[in-house]
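Me: I should like to learn how to read the features of a protein model. Please take me through the one shown here.

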Amino acid sequence: MPTTTTAVPRGLAGVVVTDTALGDVRGREGFYHYRQYSAVELAQTRGFEDVWHLMFHGELPDAAARADFTARTAALRHLPREVTDALPGIAAAGAASGPLAGLRTALSLLGAAQGFRPVYDLDADRRREDALAACAAVPTLLTALYRLGQGLDPVEPRDDLSYAANYLYMMTGSEPAPDRVRAIERYLISTVDHGFNASTFTARVVASTGADMAASLVAAVGALSGPLHGGAPSRALDTLDAIGSPDRIDAWVRERVLAGERIMGFGHPVYRTEDPRSRMLRGIAEDIGGPLVTFAVEVERHVEAILAELKPGRELHTNVEFYAGVVMELCGVPREMFTPTFCAARVVGWSANILEQAEDSKIIRPAARYAGPPAPQPVPAP
């Protein structure tokens with residue numbers, strides 16, 4: 001029988017490809033959730049490990065489960081010797097590309113060293129163990145690659161620190177202040193998952209083939225590395241640097257909007273109202289305070305007014321990247337680690353999606369409409 005095909009919008013925009021119990025984004029409402037809970041409320045009231053447990057096990061942990069889960073995942077932060085020995089070479093080879101590019105190689109090596117097998121061949125418990133090992137190792141890999149790239153020795157993880165605190169500690173070599181830890185933790189929670197974005201969908205496509213956990217995560221990291229997906233937090237902060245001062249906002253923004261350029265940190269393909277992540281992160285930034293925050297709020301106000309004037313009828317507000325960059329800058333995260341920090345959170349969402357996809361044995365295999373020269377044509381003589 002011939003295969004039935006259906007034409008869909010470019011980029012699969014709005015096309016439902018599966019059912020999921022992990023969460024949803026309701027763009028017209030400015031709301032998104034993890035399982036049955038508001039993601040923003042979780043970020044405001046819970047720790048990262050609680051949300052990780054929720055995504056993997058379907059429920060928030062009680063005190064005993066939290067303690068057990070935290071201890072188990074902390075123990076998995078330490079890397080196999082085969083991986084630590086290779087990290088200097090990986091960092092040197094990718095010196096111009098940064099930690100996220102190195103993570104692709106390091107994750108592949110981790111999967112081999114840990115003996116990850118195709119998810120198709122594993123039961124649910126074993127898949128979850130591989131996912132836990134990968135998620136716990138990602139912050140260690142990212143921070144080690146960053147420090148090696150700076151000519152510094154990697155910092156060994158500490159089991160007594162939370163996920164967020166340990167991440168900042170391994171990055172800087174100093175135990176971070178509690179208010180900075182909580183600010184970064186709330187950011188990490190807010191970016192764990194966000195619907196079927198490009199990297200999440202990529203992870204699920206690879207998982208649908210039955211590939212191992214590392215292969216699926218490496219594919220997701222590759223998708224995240226694109227500037228249209230994960231590369232925006234530092235670019236949004238670069239916009240503030242380029243504007244420089246409040247008196248330059250209008251002229252700078254108008255020139256670029258009229259030239260058809262995108263203002264990084266504004267607009268979102270799903271939200272038609274204010275991005276709830278941006279609203280929460282603006283509040284975190286304002287709690288910390290300072291000249292950068294004052295300037296960012298002023299830029300936001302002017303840019304939204306100019307976009308409303310020049311692009312009437314469109315709802316264009318700040319997205320998560322705009323204030324994410326501000327918060328990370330205030331907390332001492334270097335700009336080259338902005339997108340890796342996003343990755344340190346999103347790896348949990350990717351892994352939860354891989355685990356869910358592995359329960360379905362149907363491979364994701366869409367079709368394409370051929371648009372080349374008519375076929376068959378005679379093959380010309382050599």
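**An enclosed helix**

Reply: Helix α7 is largely enclosed by the rest of the structure, because nine of its 10 residues are buried. Buried means under 20% relative accessible area, exposed means over 50%, and partly exposed lies in between (1.4 Å probe, protein chains only). Helices (H or I, at least four residues) and strands (E, at least two) are DSSP runs, numbered from the N terminus. The model is predicted: local features need pLDDT of at least 70, side-chain atom pairs count only at pLDDT 80 or more, and totals for chains, interfaces and linings use all residues. Residues are numbered from 1 along each chain as its sequence is written, and side-chain values use heavy atoms, with hydrogens and water left out.

Me: Which residues of α7 are buried, and against which helices do they pack?

Reply: The buried residues are Y163, A164, A165, N166, Y167, L168, Y169, M170 and M171. They pack against α2 (48-57), α6, α8 (178-190) and α16, where contact means heavy atoms within 4.5 Å. After α7 comes G173, with a positive phi near 85°.

Me: How is a single residue such as A165 read, and is A165 buried or exposed?

Reply: One begins with its place, which for A165 is helix α7 (residues 163-172). A165 counts as buried because its relative accessibility is 8%. Apart from neighbours within four places in sequence, A165 is in contact with P176 and V181. The C-alpha atoms of A165 and A74 are separated by 12 Å, and the two residues are 91 residues apart along the chain.

Me: What can be said of the buried side of α9?

Reply: In helix α9 (residues 198-208), the buried residues are S199, T200, A203, R204, A207 and S208. These pack against α10 (213-224) and α16 (338-358). G210 follows α9 and has a positive phi, near 90°.

Me: How should I read a nonpolar core, and which residues have the most contacts inside the largest one?

Reply: In soluble globular proteins, nonpolar side chains tend to be buried together. A nonpolar core is a set of buried Ala, Val, Leu, Ile, Met, Phe, Trp, Tyr and Cys residues joined through side-chain atoms within 4.5 Å. The largest here has 109 residues, and Y34, W52 and F56 have the most contacts inside it. Helix α6 (residues 124-149) supplies the largest share of this core, 13 residues. Not counting residues up to four places away in sequence, Y34 touches a set of residues including L22, L42, M55, I189 and V192.

Me: Where does phi turn positive without a glycine?

Reply: Two cases may be set side by side. L12, in the segment before β1 (23-26), has a positive phi of about 60° and counts as partly exposed because its relative accessibility is 36%. R35, in the loop between β2 (31-34) and β3 (37-38), has a positive phi of about 50° and counts as buried because its relative accessibility is 18%.

Me: Which residues does a cis peptide bond join?

Reply: A cis peptide bond joins A375 and P376, with omega about 0°. P376 lies in the segment after α16.

Me: How many helices and strands does the whole chain have, and what is its radius of gyration?

Reply: The protein chain has 16 helices and three strands. Its radius of gyration is 22 Å, which agrees with the value near 21 Å for a compact globule of 382 residues. The radius is taken over C-alpha atoms, and the globule rule is 2.2 Å times the number of residues to the power 0.38. Buried residues make up 49% of the 382 residues.
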